[in-house]
Amino acid sequence: MWQAIVKFGAFMKIGLENFVEYCSIKTKELGRCGLVCNQASVTRKFDHAIDVISKVLGENLVALFGPQHGIVSTVQDNMIETGHSRHEKLKIPIYSLYSET
């Protein structure tokens with residue numbers, strides 16, 4: 001199977017990659033955006049969605065939303081839930097979908 005893919009140069013594009021292509025064209029029209037993601041939100045080259053989307057959207061990416069264990073699953077033990085925080089590099093809020101509001 002893999003030989004056929006390599007031989008013909010065919011590959012499957014995942015939704016994140018399609019979204020990035022679309023956004024590259026329509027960025028000005030999108031306005032403010034938030035991103036819901038976790039540690040598995042990656043391209044086929046394993047670039048994380050936060051990095052990929054922030055490059056395309058720039059300042060239009062205004063918030064991140066993560067699951068119970070955090071965007072990069074830093075909290076695992078005993079079903080501990082993460083609180084809200086800030087993304088160090090992008091300086092935007094990270095909201096936990098399981099934290100108190």
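**Exercise 1. Find how many salt bridges the whole structure holds, and name the residues in them.**

A search of the whole structure turns up two salt bridges. Keep in mind that this is a predicted model.

Step 1. Start with Glu21 and Lys13: their side chains meet in a salt bridge, 2.2 Å from N to O. That fits the cut-off, which asks for a Lys or Arg nitrogen within 4 Å of an Asp or Glu carboxyl oxygen.

Step 2. Now take Glu17, which forms a salt bridge with Arg44; here the closest N and O atoms are 3.1 Å apart.

**Exercise 2. Work out which parts of the chain the Glu17–Arg44 pair ties together.**

Step 1. Place the acid: Glu17 lies in helix 2, residues 15-30.

Step 2. Place the base: Arg44 sits in the loop between strand 1 (33-36) and helix 3 (49-57).

Step 3. Put the two together: the pair links parts that are 27 residues apart in sequence.

**Exercise 3. Sort the four salt-bridge residues: buried, partly exposed or exposed?**

Step 1. Buried means under 20% relative accessible area. Glu17, at 14%, therefore counts as buried.

Step 2. Its partner Arg44 is partly exposed at 40%.

Step 3. In the other pair, Glu21 comes out partly exposed at 44%, and Lys13 is partly exposed too, at 32%.

**Exercise 4. Trace the sheet and pick out its edge strands.**

Step 1. Four strands make an open sheet in the order 1-2-4-3, with mixed pairing.

Step 2. Strand 1 and strand 3 (85-86) are the edges, as each pairs on one side only.

Step 3. Strand 1 runs parallel to strand 2 (residues 61-66), and the two pair over four bridges. Cys33 stands opposite Leu61 of strand 2.

Conventions
Residues are numbered from 1 along each chain as its sequence is written. This is a predicted model: local features need pLDDT of at least 70, side-chain atom pairs count only at pLDDT 80 or more; totals for chains, interfaces and linings use all residues. Side-chain values use heavy atoms; hydrogens and water are left out. Buried means under 20% relative accessible area, exposed over 50%, partly exposed in between (1.4 Å probe, protein chains only). Two strands pair if DSSP finds at least two bridges between them.
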